[in-house]
Amino acid sequence: MTQGTVAPRQASTPTVAKQGRSIAISDDSVATSVALLNRDGKLWIEHGGERYLLRRTANNRLILTK
């Protein structure tokens, strides 16, 4: 699999699209961080009425903060 791709493992998957990118989501999907994070290495996630920031650090690790 190449970087920036998503590997869906089920036949029917809904698609989420925003700003020209789309990612197939299923119960057992695997997505690379390259596919999820923007050019700055960040992804905002809304969950339970709260916003979280998933970001890539200078050491190439992922941190989720509220």
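This is a guided tour of the structure, going from the whole chain to single residues.

**The whole chain**

Begin with everything shown in cartoon style, and keep in mind that this is a predicted model. The secondary structure comes to one helix and seven strands, and reading along the sequence gives the pattern β-β-β-β-α-β-β-β. If you colour the 66 residues of the protein by accessibility, buried residues make up 14% of them. Turn on a surface next: the protein exposes about 5,500 Å², of which carbon and sulfur atoms supply 47%. Of the contacts between residues at least 6 apart in sequence, 15% join residues at least 24 apart.

**Strands 5 and 6**

Select residues 42-47, which form strand 5, together with residues 50-56, which form strand 6; these two strands run antiparallel and are joined by six bridges. They make a hairpin with two residues between the strands, and in this hairpin Gly48 takes a positive phi near 60 degrees.

Now show the side chain of Trp44, which stands opposite Leu53 in strand 6. What lies over the face of Trp44? Adding Arg51 to the selection gives the reply, for Arg51 lies over that face at 4.8 Å from the ring centre. Pairs of aromatic rings are another matter, since a search of the whole structure finds zero of them.

**Strands 6 and 7**

Keep strand 6 on display and add strand 7, residues 62-65. Strand 6 and strand 7 also run antiparallel, and here four bridges join them; one place to look is Arg55, which stands opposite Ile63 in strand 7. The hairpin that these two strands form has five residues between them.

Select Asn60, which is found in the loop between strand 6 and strand 7. Most residues other than glycine have a negative phi. Asn60, however, has a positive phi of about 65 degrees although it is not a glycine. Is Asn60 buried or exposed? With a relative accessibility of 60%, Asn60 counts as exposed because the cut-off for that class is over 50%.

**Leu64 and its surroundings**

Move along to Leu64, which lies in strand 7, and show the residues around it. Leaving aside its neighbours within four places in sequence, Leu64 is in contact with Ile45, Tyr52, Leu53 and Leu54. If you draw a distance between the C-alpha atoms of Leu64 and Leu54, you will find them separated by 4.4 Å, although the two residues are ten apart along the chain. Even with these contacts, Leu64 is exposed, with a relative accessible area of 54%.

**The salt bridge**

How many salt bridges does the structure hold? There is one, and to see it you should select Lys66 and Glu50, whose side chains meet at 3.9 Å, N to O. Lys66 lies in the segment after strand 7 and Glu50 in strand 6, so the pair ties together parts that are 16 residues apart in sequence. On the accessibility colouring the two partners fall into separate classes: Lys66, at 69% relative accessibility, counts as exposed, while Glu50, at 34%, counts as partly exposed.

**A last view**

To end the tour, show strands 5, 6 and 7 together with the side chains visited above. In this view strand 6 is joined to strand 5 by six bridges and to strand 7 by four, and the salt bridge between Lys66 and Glu50 can be kept in the picture as well.

Terms used. Residues are numbered from 1 along each chain as its sequence is written. This is a predicted model: local features need pLDDT of at least 70, side-chain atom pairs count only at pLDDT 80 or more; totals for chains, interfaces and linings use all residues. Side-chain values use heavy atoms; hydrogens and water are left out. Rings of Phe, Tyr and Trp (its six-membered ring) pair if their centres lie within 6.5 Å; planes under 30 degrees apart count as stacked, over 60 as edge-to-face and the rest as tilted. A charge sits over a ring if NZ of Lys or CZ of Arg is within 6 Å of the ring centre and within 35 degrees of the ring normal. Buried means under 20% relative accessible area, exposed over 50%, partly exposed in between (1.4 Å probe, protein chains only). Contact means heavy atoms within 4.5 Å. Two strands pair if DSSP finds at least two bridges between them. A salt bridge is a side-chain nitrogen of Lys or Arg within 4 Å of a carboxyl oxygen of Asp or Glu. Accessible areas come from the Shrake-Rupley method with a 1.4 Å probe; for residues, only the protein chains shown count as cover.
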